[in-house]
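These are my notebook entries on a single structure. I record what I looked up, entry by entry.

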Amino acid sequence: MVYYAIPHNGEVIRLAVAVDYIDTASRQMTLTLMISALMIFIVSIAVSLIVSTRFIIPLRSIGTAVHSFASGNLDTHFVKDRYPLELAVLADDFSLMASDLQKKMETLDGQNRETGAILSSMNDALIVLDGSGRVLRVNRSAEKLFALEGTRVIGMPLIQAIRNTDIADFAMN
């Protein structure tokens, strides 16, 4: 037995409780707390799975589409009706980026064809080099003048392509 005395208004209130009762109550309280903690843990895992699944599936879909964009397929579209708002905005931004990139690629392709047509029709020999002196483009007149095969010399150092040190030195300086 556990005895406890409390003074109250000049009198003393005495209380006696069996130790077995305290042990039983303590065990019951511990068990209740452990069950509550376990239930909270299970509920938090379930909520985490639901929330993460809500984002993981659309993110995988966006990842697949972005991979498709990177492979050159810029016509990929997203089915955004099942996306959370934040991911729908991200998908819209990727679609807009892909559309803009497609337009720029078409513009560059057109400019490249135009440049090729201009270079092909020139009577003067023209060899275009990069900063390190490698051949980027050769027109027909340069092919005839230096006896080159245009596609074969692309990427070669100029000296290797034309085999003329005077012209190569002049071009590099």
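**Entry 1: salt bridges.** I searched the whole structure, which is a predicted model, and found one salt bridge. The partners are D109 and R113, with their closest N and O atoms 2.3 Å apart. I then asked why these two residues can meet: D109 and R113 are four residues apart in helix α2, and are therefore separated by about one helical turn. I note the general rule that an α-helix has 3.6 residues a turn, so residues three or four places apart point the same way.

I also looked up the accessibility of both partners. D109 has a relative accessible area of 38% and is partly exposed. R113 reaches 56%, and because the cut-off for exposed is over 50%, R113 counts as exposed.

**Entry 2: helix α2.** I next took the helix that carries this pair. Helix α2 runs over residues 85-121 and has 37 residues. From first C-alpha to last, α2 reaches 54 Å, close to the 54 Å expected at 1.5 Å a residue.

Which residues of α2 are buried? I list L87, A88, A91, A98 and L119. These buried residues pack against α1 and against β4, which covers residues 135-138.

**Entry 3: helix α1, span and bend.** I turned to the partner helix. Helix α1 covers residues 19-70, a run of 52 residues. Its first and last C-alpha atoms are 73 Å apart, close to the expected 76 Å at 1.5 Å a residue. I looked for a bend in α1 and recorded one of about 25° at T53. After α1 comes G72, and I noted that the phi of G72 is positive, near 105°.

**Entry 4: helix α1, buried residues.** I listed P58, I62, A65, S68 and F69 as the buried residues of α1. They pack against α2. I examined S68 in this helix separately. Its relative accessible area is 17%; the cut-off for buried is under 20%, so S68 counts as buried. Leaving out residues up to four places away in sequence, I found that S68 touches N73 and T76.

**Entry 5: helix α1, surface.** I then asked which residues make the nonpolar surface patch of about 490 Å². They are L38, F41, I42, I45 and L49. I checked L38, which is found in helix α1. At 48% relative accessibility, L38 counts as partly exposed.

I57 also has its place in α1. I recorded I57 as partly exposed, at 45% relative accessibility. For a long-range distance I paired I57 with N139: the two are 82 residues apart along the chain, and their C-alpha atoms are separated by 52 Å.

**Entry 6: the loop after α2.** I located D124 in the loop between α2 and β3, the latter spanning residues 127-129. Is D124 buried or exposed? With a relative accessible area of 54%, D124 is exposed. I set aside its neighbours within four places in sequence and found D124 in contact with N139 and S141. I also looked up the distance from D124 to N73, the residue that S68 touches. D124 and N73 are 51 residues apart along the chain, and 39 Å separates their C-alpha atoms.

**Entry 7: positive phi outside glycine.** I closed with backbone angles. N9 has a positive phi, near 50°, in a residue other than glycine. I placed N9 in the loop between β1, residues 2-8, and β2, residues 11-17. At 70% relative accessibility, N9 counts as exposed.

R163 likewise is not a glycine, and its phi is positive at about 55°. I found R163 in the loop between α5, residues 158-162, and α6, residues 165-172. R163 is exposed, with a relative accessible area of 68%.

Terms used
Residues are numbered from 1 along each chain as its sequence is written. This is a predicted model: local features need pLDDT of at least 70, side-chain atom pairs count only at pLDDT 80 or more; totals for chains, interfaces and linings use all residues. Side-chain values use heavy atoms; hydrogens and water are left out. The expected span of a helix is 1.5 Å times one less than its number of residues. The bend at a residue is the angle between axes fitted to the seven residues ending there and the seven starting there. Buried means under 20% relative accessible area, exposed over 50%, partly exposed in between (1.4 Å probe, protein chains only). Contact means heavy atoms within 4.5 Å. Patches are made of residues with over 30% relative accessible area and no salt bridge: like charges are joined within 9 Å, nonpolar side chains (Val, Leu, Ile, Met, Phe, Trp, Tyr) within 5 Å. Accessible areas come from the Shrake-Rupley method with a 1.4 Å probe; for residues, only the protein chains shown count as cover. A salt bridge is a side-chain nitrogen of Lys or Arg within 4 Å of a carboxyl oxygen of Asp or Glu.
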